[in-house]
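Biologist: I've got a fresh model open and I'd like to walk through it with you. Can we take it one question at a time?

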Amino acid sequence: MTPRLIALSGSLRGSTWELGLEPLVLGRQSDCQVRLADPVVSRRHCELRTTGEHWLLRDLDSRHGTFVNGVPTRERRLEHTDVVQVGDSSFLFLCDDVPALAAGTVATPPDAASWSTVQRRPEDVLYLQPQRLRAALAKAVGPSPGLIASDLQALLELSTAVHELQQVEHLAARILELLLAVLPAERGSVLLCEPGTRETVAAASHDRRGASGTAFPVSTTLVGRVLEGKVGCLYTDVAVDGGLREAESLHEATVRSVLCAPLTGRQGPLGLLYFDASSGHAFTEHHLELLTAAAVISAHGLANAQHLARLERENQRLQGAGLEHGVVGESAAMQRLFRFISRAAPVDSTVLLRGESGTGKEVAARALHKASRRAAAPFLAINCATLSETLLESELFGHEKGAFTGAVARKEGKLELAHGGTLFLDEVGEIPPALQARLLRVLQEREFERVGGTRPLQVDVRLIAATNRDLETALREGRFREDFFYRLNVISFTLPPLRERREDIPLLARHFARLHGERLRQRAVSLSPAALHALESYDWPGNVRQLGNVVERAVVLGADELIQPEDLPDEVLEGGGAASSHFQATVTSTKKKSILDAMEKARGDYREAAALLGIHVNSLHRLIRNLGLKSQLSR
């Protein structure tokens, strides 16, 4: 074939130039063979010339560059089907000879607009078969190069939208807009299947007759045919189709021609692209080819957008269940916790949370509740270590009036109040054996009696327990019932101590600084790099709870909105967390003496004293306040 250049986009879209011995120049200047009225294009932008064996593209020192297949180029040998970009225009370069059809090969049948029904499988579509497309571009068979170029541009724009738009609604609307621009349809819709079914809902709809954006009914018979057959369908006249002739939705809308193609994902049907018109034979087989190719491209984008939407919903659910209640962290250990929450939250199995004191077991329990189907119901917590056996029994099960001295009225227990929701038992290892037996019955039978009562009460509650004790040792020593332990230990997770996830300390510290700053000072508070380093160097025997308390103290005692090392307790600054009280006292005494000596030499001038000590004056004020030296300096 004669080498040629076809305009895919821009003001000359659809135009074709055959290439000869003379160079073909592209630019704004009037003597350019390809004149582009585009302010971005230089007067003489680039040229194509032959060496006798191949074709070269050379940029003519243009201001904004020439691109081949998206790559900026100074000079490049062009290959068959390369795409050249000049300003807002793109061109397809064709040069290969395409062999004629072999003997016995069946040529593409003529246009089938006169048929009642035409079907097209994706694997038979021209635009999805490179060899057939090359043959068509060589004018051996098929549509004209200009028509193919126009279709390829439409599919290119569709592919761009698929990669740029990530929200299902926006992508569906753009797909519909692009296809309505090239199809002679009166109405169009992007229909997506409801999860797990073949019932469809309109993600985007358009009616040229005035009802833009309003969904319209689509024949369920037609939808079923397309989704079941997994083929694109062209109905040139539904009036002669026995299965569709009586379709109420088509009859009421006076629809005669229908064009649709399935959206098929890896896991099954996603939906379909649907277009119709009130006149018969409105669509051709060429339109069916184009729509089927568009459906294949669109399906990948819509599937990815739906997957992203599910991930975002899951992320929001976990964030709502987690960060709202203080589950903060990005370490591998915390990612394991987040995965555990996402898997354990949807079920009603009993959960046992283990870990050191202060690691956030109640916070994790609240996150599990918030992410579960019980989120709208109560979450009640009780610390089993702080109450005597009698009080704990009353708190858990409630009591009837007169059940014991002081029971002047009936009281509902935590189990009853948490009906439909979640009950969190903190320090479950401290529950006396007698109460363990009563709770075991609740877990087995889902019923209990109030203290002093005789009527069984049914309860629907999820139990989450937590402990920092070694329950296996308690089992061996007879302090914890074996049957109760196995009922509790259905799903278990051990929360990591803070020293094992140090990378989360800065994130947690900033979280607490913002939280306490807004609550106590009504403004944001941050931490200096030196303060963060001190926090990261400490072992935190009290874990996250201790870190929160330390940051809150620093927010209260700090002189400004930036927490400095001087605002932190001495044990944190020393880094080890196990320094002796004598050593700490010596350090504190030395600090006091140095400050008092400097203030005396400076005769009470804070700035001069700070200069003598080599610290900022704000740090000096902070040290004086934290060390309680104000009274000594005022004498």
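Modeller: Sure, and one definition to start: Ala, Val, Leu, Ile, Met, Phe, Trp, Tyr, Cys and Pro count as nonpolar, Asp, Glu, Lys and Arg as charged, and the others, Gly among them, as polar. The model is predicted, so local features need pLDDT of at least 70 and side-chain atom pairs pLDDT 80 or more, while totals for chains, interfaces and linings use all residues. Residues are numbered from 1 along each chain as its sequence is written, and side-chain values use heavy atoms, leaving out hydrogens and water.

Biologist: How many nonpolar residues are in the lining of the largest pocket?

Modeller: A pocket is an open set of points on a 1 Å grid over the protein atoms alone, where a 1.4 Å probe fits, with protein on both sides within 12 Å along at least five of seven lines; lining residues have an atom within 4 Å of a point. Here 32 residues line the largest pocket, with Leu270, Ala303, Gln306, His307 and Arg310 closest to its centre. By class, 12 are polar, 6 are charged, and the nonpolar ones number 14.

Biologist: Which helix gives the most to the lining of the largest pocket?

Modeller: Helices are DSSP runs (H or I, at least four residues) and strands are too (E, at least two), numbered from the N terminus. H3, E13, E14, E16, E17 and a helix at 285-321 each supply at least two lining residues. The top giver, with 12 residues, is H6.

Biologist: Which strands are the edge strands of the antiparallel sheet of 6?

Modeller: Two strands pair if DSSP finds at least two bridges between them. The open sheet runs in the order E12-E15-E16-E17-E13-E14. Each edge strand pairs on one side only, and they are E12 (117-120) and E14 (200-207).

Biologist: In E14, what is the bridge partner of serine 189?

Modeller: Strand E13 covers residues 187-193 and pairs with E14 in the antiparallel sense, over 7 bridges. In E14, the partner of serine 189 is serine 205.

Biologist: Why is one side of strand E19 left without a neighbour in its sheet?

Modeller: This other open sheet has 5 strands with parallel pairing, in the order E19-E22-E25-E18-E26. E19 (379-383) and E26 (491-494) stand at the edges, so one side of each stays free because each has a single partner strand.

Biologist: With which residue does aspartate 61 meet in a salt bridge?

Modeller: A salt bridge is a side-chain nitrogen of Lys or Arg within 4 Å of a carboxyl oxygen of Asp or Glu. The whole structure has 29 of them. At 2.7 Å, N to O, the partner of aspartate 61 is arginine 74.
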